[in-house]
Amino acid sequence: MLTKRIIPCLDVDHGRVVKGRKFQNIQDVADPVELGRYYSDQGADELVFYDITASYEDRDIFIHIVEKVAEAIRIPFTIGGGISKVEDFRKVLMAGADKVSVNSSAVKNPQLIREAALRFGAQCVVLSIDAKRNNKGSWDVYVKGGRENTGIDAIEWAKQGQDLGAGEICINSIDTDGVKKGYDLELNQKLSSLLTIPIIASGGAGKMEDFAEVLKVGADAALAASVFHYKEIPIVDLKNFLHNQQIPVRRV
Amino acid sequence: MIAIVDYDVGNLKNVATALGDVGLSGTITRDKKVLDAADAIILPGVGAFSDAMDNLRKFDLIDALNANVKKGKILMGICLGMQLLFDKSYEDGEFSGLSYIPGEIVKFDAPGIKIPHMGWNNLVINRDSPLVKNIGTEDYVYFVHSYYAKPDNFDDVVAYAEYSVKVPAIVKKDNVIGMQFHPEKSSNVGFKLLTNFKEMIS
């Protein structure tokens with residue numbers, strides 16, 4: 001039986017893992033390769049590394065980290081951040097990444113999704129969407145790290161992403177991110193029922209029940225950062241908890 | 001030495017790295033002499049079926065693969081590389097494969113399932129083989145694919161995973177082996193499977 005996936009997310013700046021709270025107050029937590037290996041040993045199903053470095057010269061440091069991660073771990077991992085061209089996909093895939101996530105750059109140029117899917121296969125294209133509730137009962141797509149509202153409907157954008165060839169959608173809810181009060185269940189449930197590609201829920205995990213809830217409403221995977229980085233929820237315990245909730249998971 | 005066929009279908013380094021874990025030395029190559037000299041050949045691959053076959057033709061590799069398979073050398077296809085071992089695929093058209101294992105590649109079409117079949121699924125053993133020594137139904141491997149193999153003879157399936165249908169996960173016909181999932185990304189279960197592969201070729 002296909003299991004639901006638990007995915008720790010590591011934001012990397014200047015070669016180190018950090019975690020923002022509402023995209024602010026970033027604190028350094030650890031070495032990406034060591035932390036990646038630790039999570040893999042603990043039973044993480046995949047890893048996501050986001051390059052949050054702004055400067056061009058640090059891109060090379062990051063590519064080097066991708067290579068080191070590929071040598072160190074034997075589970076799939078996704079790279080995101082600073083991907084704006086097909087050539088960027090090629091670079092990180094050749095460095096050993098399994099999937100590449102695009103966000104603002106795909107909003108700006110939706111054809112990037114199609115071009116990358118045709119060239120490297122849909123399986124490696126993850127469309128990451130930062131979504132925030134509006135007062136009309138729907139969700140808007142935000143870009144630039146959650147600072148700019150595009151006015152685009154998040155569910156429509158997710159559907160378009162699927163049609164363009166994305167293999168997976170990672171939906172990050174800005175309202176719940178960093179607040180640790182649970183994932184946006186309504187948004188994840190809507191997307192899961194409307195789309196035929198897998199959905200990764202992101203933003204809001206605070207306790208083990210939060211993971212169970214979002215996976216029960218249809219998300220195929222749940223992503224989190226701080227609860228793992230600060231060892232508030234050990235992945236081994238989380239998997240046992242989910243198993244006891246009759247949610248199919250891979251336990252190590 | 002294991003030849004890892006390089007035909008421009010994604011990163012092959014991860015396969016070489018995982019072979020290194022079990023003490024096998026992988027050489028990424030499209031040189032026919034290296035294929036002929038290898039103890040076994042691995043055909044990896046991600047992307048579209050027709051592009052992959054086009055590239056095998058472009059690099060003039062099909063005759064070398066045929067000759068080595070005919071000699072009895074072990075050839076193992078991984079992911080798309082496994083699908084190429086069959087007669088044909090219906091991925092975006094109808095395309096011929098290498099025809100080492102009778103059968104065809106079709107798309108998942110059950111209502112309500114997510115496509116691609118992406119993530120960790122467990123292996124159910126269909127028939128005994130040294131390839132699945134120490135492998136049981138609690139062993140999960142990492143899949144990512146939208147099309148699956150429908151072999152003419154289900155006895156060619158060593159292990160399968162349940163995903164709306166019995167999805168062939170490990171296939172074997174004589175000296176030709178296929179793994180639909182990624183052993184190089186399947187943590188300690190992948191390690192066990194590659195260890196079994198090593199024992200089979202030595």
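Here are some short exercises, with worked solutions, on a predicted model with chains A and B.

**Exercise 1. Work out what chain A is built from, and whether its overall size fits a globular protein.**

Step 1: start with the secondary structure. Chain A has ten helices and twelve strands.

Step 2: look at the size. The radius of gyration of chain A is 17 Å, and the globule rule gives 18 Å for 252 residues. Those two values are close, so chain A is as compact as a globular protein of that length.

Step 3: add the dimensions. Along its principal axes, the C-alpha trace of chain A spans about 45 × 45 × 40 Å.

Step 4: check the inside. Buried residues account for 51% of the 252 residues in chain A; here a residue is called buried when 20 or more other C-beta atoms lie within 10 Å of its own. Of the contacts in chain A with a separation of 6 or more, 64% join residues 24 or more positions apart.

**Exercise 2. Do the same job for chain B.**

Step 1: count the elements. You'll find six helices and 14 strands in chain B.

Step 2: try the globule rule again. For 202 residues it gives 17 Å, and the radius of gyration of chain B is 15 Å, which is close, so chain B is as compact as a globular protein of that length.

Step 3: picture the box. The C-alpha atoms of chain B fill roughly 45 × 40 × 30 Å, taken along the principal axes.

Step 4: finish with burial and contacts. In chain B, 52% of the 202 residues are buried. Residues 24 or more positions apart make up 68% of the chain B contacts with a separation of 6 or more.

**Exercise 3. Trace the open sheet of eight strands in chain B and find which strands stand at its edges.**

Step 1: write down the order. In chain B it runs β2-β1-β3-β4-β14-β13-β12-β9, with mixed pairing.

Step 2: look at the ends. β2 (26-29) and β9 (124-125) of chain B each have a single partner strand, so one side of each is left without a neighbour in the sheet.

Step 3: zoom in on one pair. Strand β1 of chain B (residues 2-5) pairs with β2(B) in the parallel sense, over four bridges. A3(B) sits opposite T27(B) in β2(B).

**Exercise 4. Describe the hairpin made by β8(A) and β9(A).**

Step 1: get the direction. Strands β8 (residues 139-143) and β9 (residues 148-153) of chain A pair in the antiparallel sense, over three bridges.

Step 2: find facing residues. Y142(A) stands opposite N149(A) in β9(A).

Step 3: look at the turn. Four residues lie between β8(A) and β9(A), and K144(A) in the turn has a positive phi of about 55°.

**Exercise 5. Explain how helices α6 and α7 of chain A pack.**

Step 1: take the geometry. α6 (residues 154-164) and α7 (residues 185-194) of chain A pack at an angle of about 35°, with axes 11 Å apart. The crossing is right-handed.

Step 2: list who meets whom. On α6(A) there are I155(A), A158(A) and K159(A); they meet K190(A), L191(A) and L194(A) of α7(A).

Step 3: sort them by class. This contact has four nonpolar, two charged and no polar residues.

**Exercise 6. Find which element of chain B gives the largest share of the side that touches chain A.**

Step 1: size up the contact. It takes 25 residues from chain A and 27 residues from chain B.

Step 2: list the contributors. α1 (13-21), β8 (117-122), β10 (140-145), β12 (157-163) and α6 (187-201) of chain B each give two or more residues.

Step 3: pick the winner. β8(B) gives the largest share, six residues.

Step 4: sort the whole chain B side. The residues there divide into eleven nonpolar, eleven polar and five charged.

Terms used
Residues are numbered from 1 along each chain as its sequence is written. Chains are lettered from A and ligands numbered from 1 in the order in which they are written. This is a predicted model: local features need pLDDT of at least 70, side-chain atom pairs count only at pLDDT 80 or more; totals for chains, interfaces and linings use all residues. Two strands pair if DSSP finds at least two bridges between them. Axes are lines fitted to C-alpha atoms, for helices over the stretch in contact, and angles run from 0 to 180 degrees between N-to-C directions. A crossing is left-handed if the near helix is turned anticlockwise from the far one by less than a right angle, and right-handed if clockwise. Two residues are in contact if their C-beta atoms, placed from the backbone, lie within 7 Å. Ala, Val, Leu, Ile, Met, Phe, Trp, Tyr, Cys and Pro count as nonpolar, Asp, Glu, Lys and Arg as charged, and the others, Gly among them, as polar. The radius of gyration is taken over C-alpha atoms; the globule rule is 2.2 Å times the number of residues to the power 0.38. A residue is buried if 20 or more other C-beta atoms lie within 10 Å of its own, exposed if 12 or fewer, and partly exposed in between; C-beta atoms are placed from the backbone.
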